[in-house]
Amino acid sequence: MQAFVMKQVGETGIEEKEQPDAGPMDAILKPTKGLVCTSDCHTVHGAIGEREDLTLGHEVVGTVEEVGSEVSDFEPGDRVVVGAITPDWNSEAAQDGHSSQSNGALGGWKFANVKDGTFQEYVHVNDADGNLAHIPEGVTDHEAVYTTDMMSTGFRAAENGSIPMGGTVAVFAQGPVGLMATKGARLQGAGEVIAVETVETRQELAREYGADHVVDFADGDAVEQIMDLTDGEGVDTAIEALGSDQTLQDCIKVAKPGGTVSNVGYHGGDEFRHIPREEWGVGMAEIDIVTDLCPGGRLRMRRMLQMLESGRVDPTKMTTHEFDFEDIETAFDMMDEKEDDIIKPLIHFE
Ligand code: ZN
């Protein structure tokens, strides 16, 4: 079968690979639609270290091709989604309520990390009963593929933000995760949502997804603008959806005492992040910093699919480009360079 791989740090290409086998509790999925993620680009640039001929991708939907002997709730032909994160549901971390961290930090992240990802013609899914979810009839594959990471991660940023009904939320960066965090904040009952972004197409989408104000950091310091908008009070919840030292600091600076900083950004680059001491109330202003990786699993995916089925959100507005699988390298390169104001490229496998 064909696979789009990271050959080594900095190098990608399409390669021929052996089809994976399903163990007793596993399934093999035949993808129909996928999405390229900025984290695939981070991986190729060495974010998780050296990898050799590792298939990329972790956002996919498809049909079940084969199931193991112990799989009870899925069968070949079922139309399913698999989360980007596929936890080991019998791990102690999962039993402790931290399924994404099963078997070590970020251990639920398997696709394109510790095993081949989803940009190949057949995909291995561990713990199929725990990690697959049926796609409801009224939901398209295109819609459903957004549940795997963008909706699950963006909505978790809002869930972790302890947003009070009517509260004020600032969302730093309006990439696809930030956009879903903006939408998530609205759905969680925020009374005022401030999106921080400079790219015009993303600013427009932020408004469509419910931002009341858009702060453009190219027009001046984002913190000052947010403090002005909130009469110097700051926000109840600041969401970090970028992963830079600057934006994390800004989140702490705009969070009011008792507020929450919810981080879903991937922090690469320099060894340390910095906390602005005074704005953090010298460590005692009850400003919590909460972190999470994308939640996965069947229940999580079912809930995300429910949001689509009931029309609460239309994530397909973020699809700016479409490619056939054979042209996936172009999609990846565009995503890497953020060419042509790309937000999400949809990949058609058939
Ligand atoms: Zn992703």
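**Cysteines and a pocket in a predicted model**

User: Hi! How far is the sulfur of cysteine 294 from the closest cysteine sulfur?
Analyst: Good place to start, and keep in mind that this model is predicted. The closest cysteine sulfur belongs to cysteine 37, and it is too far away for a bond. A disulfide needs the two sulfur atoms within 2.5 Å, whereas the distance here is 9.2 Å.

User: How many disulfides does the structure hold?
Analyst: The sulfur of cysteine 294 is too far from that of cysteine 37 for a bond. For the structure as a whole, the number of disulfides is zero.

User: Is cysteine 294 buried or exposed, and what about cysteine 37?
Analyst: A residue counts as buried under 20% relative accessible area. Cysteine 294 has 5% relative accessibility, and cysteine 37 has 7%. Therefore cysteine 294 counts as buried, and cysteine 37 also counts as buried.

User: Let's move to the second largest pocket. Where does it lie with respect to domain 1 and domain 2?
Analyst: Domain 1 covers 2–149 + 294–348, and domain 2 covers 154–291. Both give residues to the lining, so the second largest pocket lies between domain 1 and domain 2.

User: Which helix gives the most to the lining of that pocket?
Analyst: The lining has 18 residues. Helix H5 (150–159) and helix H10 (298–309) each supply at least two of them. With three residues, the one that gives the most is H10.

User: How many residues of the lining are charged?
Analyst: Sorted by class, the lining of the second largest pocket has five nonpolar and eight polar residues. The number of charged residues is five.

Terms used: Residues are numbered from 1 along each chain as its sequence is written. This is a predicted model: local features need pLDDT of at least 70, side-chain atom pairs count only at pLDDT 80 or more; totals for chains, interfaces and linings use all residues. Side-chain values use heavy atoms; hydrogens and water are left out. On a 1 Å grid over the protein atoms alone, a cavity is a set of points where a 1.4 Å probe fits but cannot get out, and a pocket is an open set with protein on both sides within 12 Å along at least five of seven lines; lining residues have an atom within 4 Å of a point. Helices (H or I, at least four residues) and strands (E, at least two) are DSSP runs, numbered from the N terminus. Ala, Val, Leu, Ile, Met, Phe, Trp, Tyr, Cys and Pro count as nonpolar, Asp, Glu, Lys and Arg as charged, and the others, Gly among them, as polar. Domain bounds come from an automatic or database domain assignment. Buried means under 20% relative accessible area, exposed over 50%, partly exposed in between (1.4 Å probe, protein chains only).
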